[in-house]
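Trainee: Could you walk me through the strand pairing here, one step at a time?
Mentor: Gladly; have a look first, and then ask away.

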Amino acid sequence: MAPELTRGEFLAQSGKTCLTLAAGGLLVLGCARIQSVDVEKTRPPDSPPNYLCKESEVSPAYYFRKGRLRGVLVRTKDRIKGYRNVCTHLGGPNRLEGDALRCLWHGARFSPETGAVLRGSARRPLPALNLELRDGLVLLAQA
Ligand code: FES
């Protein structure tokens with residue numbers, strides 16, 4: 001037979017359980033990150049200021065940070081597409097898995113071709129980036 005708890009002991013134990021679950025949840029979210037390249041640290045010295053990467057590095061995806069912009073470049077059938085890598089549901093990161101960009105937080109899936117929602121909690125497409133391909137480089141086009 002289990003020992004009886006006083007009201008205070010029960011509340012203290014419940015509080016510890018809640019903190020443990022919350023910490024576990026934060027740990028899971030913290031792990032759901034994607035390694036991304038800091039463009040400003042890796043760009044060649046003679047590259048233009050809107051440089052993102054070499055075309056050959058998009059194979060099949062390239063995750064980057066440029067200032068506050070977090071992006072993903074994907075090689076589709078006939079071109080390279082780019083999106084802000086922030087899920088339109090609650091802001092999770094997306095990773096290319098098979099033929100979809102999948103949000104690591106709640107599993108929404110987006111089309112690499114268009115950014116459209118294929119499945120899941122998100123309702124809006126991933127915002128597309130304007131890209132310019134020049135001399136084997138992927139550049140962020142001026143808006
Ligand atoms: S944050 Fe991406 S599906 Fe929820």
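Trainee: In which sense do strand 1 and strand 3 pair, parallel or antiparallel?
Mentor: Keep in mind that this is a predicted model. Strand 1 covers residues 37–38 and is joined to strand 3 over two bridges. Within that pairing, valine 37 has phenylalanine 64 of strand 3 as its bridge partner. The sense of the pairing between strand 1 and strand 3 is parallel.

Trainee: Over how many bridges do strand 3 and strand 4 pair?
Mentor: Strand 3 spans 61–66 and strand 4 spans 69–75. Their hairpin has two residues between the strands, and glycine 67 takes a positive phi near 60° there. Further along, tyrosine 63 stands opposite valine 72 in strand 4. Strand 3 and strand 4 pair in the antiparallel sense, and the number of bridges is six.

Trainee: Which strand gives the largest share of the largest nonpolar core?
Mentor: That core has 18 residues, and Leu52, Val72, Leu73 and Ala108 have the most contacts inside it. Strand 3, strand 4, strand 7 and strand 11 each supply at least two of its residues. Leucine 73 is in contact with residues including Leu52, Val58, Ile80 and Val138, leaving aside neighbours within four places in sequence. The largest share, three residues, comes from strand 4.

Trainee: Which are the edge strands of the open sheet with the order 6-7-8-9?
Mentor: Four strands form this open sheet, with antiparallel pairing. Strand 6 pairs with strand 7 over four bridges, and glutamate 97 has alanine 100 of strand 7 as its bridge partner. An edge strand pairs on one side only, and here the two are strand 6 and strand 9.

Terms used: Residues are numbered from 1 along each chain as its sequence is written. This is a predicted model: local features need pLDDT of at least 70, side-chain atom pairs count only at pLDDT 80 or more; totals for chains, interfaces and linings use all residues. Two strands pair if DSSP finds at least two bridges between them. A nonpolar core is a set of buried Ala, Val, Leu, Ile, Met, Phe, Trp, Tyr and Cys residues joined through C-beta atoms within 7 Å. A residue is buried if 20 or more other C-beta atoms lie within 10 Å of its own, exposed if 12 or fewer, and partly exposed in between; C-beta atoms are placed from the backbone. Two residues are in contact if their C-beta atoms, placed from the backbone, lie within 7 Å.
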